[in-house]
Amino acid sequence: MASVTNTDTVPTETRPESKDGLKVYDRVLATVSAIGLIAGGCWSVYQYNASRARENEIKARELDLALFRERRDTYYAISDAASDIAAARNREQVIERSREFLKLYNGRAHLLAELDDDVRQSKIAFKKLLHEYLDGQDKESTESPFAYFNAAAYQLTKSCSKHLDPRELDPIQTRNRK
């Protein structure tokens, strides 16, 4: 005997073919795609801003390092020039050695020392002392250049050395200065 099955009671498809079901599915898929696109755009903007911030920080550190090196070279030179004057044996040596100090005073040191007030003040004090010595009425003074210039040269060197600590270039301190 042949068996007869009722085709009306067995579902032929598990998913309904209604147009409303496809419209909801398409809308959900479009919404998820739009949200993904917006999230991707936001992430791209965030990454771009983060990379720009890192680049700016690197450039700032490079600038700080270049300024530190220039400051170091200039402060060493002006400190050496002041010490050379203090180490002079007589007035003629003071006159000869004062040329280098005045060259630095009016040149490189003048540009950089404006950044550090204590160096600027020590530099000016040493120059005034030098002019007092060179323009003094008693040109045959018995006081040695060392006794005359030693304290001022030491003060200038001490002021310069305070600004030559490479730990000043620490990134945390660099950010806090700004």
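Helix H4 spans residues 117-135 in this predicted model. Its 19 residues reach 27 Å from the first C-alpha to the last, close to the 27 Å expected at 1.5 Å a residue. On the buried list for H4 are Val119, Ser122, Lys123, Phe126, Leu129, Leu130, Tyr133 and Leu134. These residues sit on the same side of H4 because the arc they cover around the axis is only 130 degrees. The general background is simple enough: an α-helix has 3.6 residues a turn, so residues three or four places apart point the same way. Turn H4 over, and the face away from its buried side carries the exposed residues Lys128 and Asp135.

The buried side of H4 also leads into the aromatic part of the story. Phe126 and Tyr133, both buried residues of H4, belong to a cluster in which ring pairs link them with Phe101, Tyr105, Tyr148 and Phe149. The structure as a whole holds seven aromatic pairs. One of them joins Tyr148 and Phe149, with 5.1 Å from centre to centre and 75 degrees between the planes. That pair counts as edge-to-face because its 75 degrees is over the 60 degrees required for that class. As for cover, Phe149 counts as buried because its relative accessibility is 0%. Tyr148 has a relative accessible area of 22%, so this residue is classed as partly exposed; the cut-off for buried is under 20%.

Two members of the ring cluster, Tyr105 and Tyr133, turn up again once charged side chains are considered. Lys123 lies over the face of Tyr105, at 4.3 Å from the ring centre. Lys123 is itself among the buried residues of H4. Over the face of Tyr133 lies Arg91, in this case at 5.2 Å from the ring centre. H4 thus features in both arrangements, with Lys123 and Tyr133 each on its buried list.

Zooming out, the protein chain has six helices and zero strands, and from the N terminus on its elements run α-α-α-α-α-α. Of the 178 residues in the protein chain, 24% are buried. For contacts between residues at least 6 apart in sequence, 72% join residues at least 24 apart. The surface that the protein chain exposes comes to about 13,300 Å², and carbon and sulfur atoms supply 56% of that area.

Notes: Residues numbered from 1 in each chain as written. Predicted model: local features only at pLDDT ≥ 70, side-chain atom pairs only at ≥ 80, totals over all residues. Heavy atoms only, no water. Helix = DSSP H or I, 4+ residues; strand = E, 2+ residues; numbered from the N terminus. Expected span 1.5 Å × (residues − 1). Buried < 20%, exposed > 50% of the residue type's maximum accessible area, 1.4 Å probe, protein only. Arc of directions from axis to C-beta. Phe/Tyr/Trp six-rings, centres within 6.5 Å; stacked < 30°, edge-to-face > 60°. Lys NZ or Arg CZ within 6 Å of the ring centre and 35° of its normal. Contact = heavy atoms within 4.5 Å. Areas by Shrake-Rupley, 256 points an atom, 1.4 Å probe, with all protein chains shown as cover.
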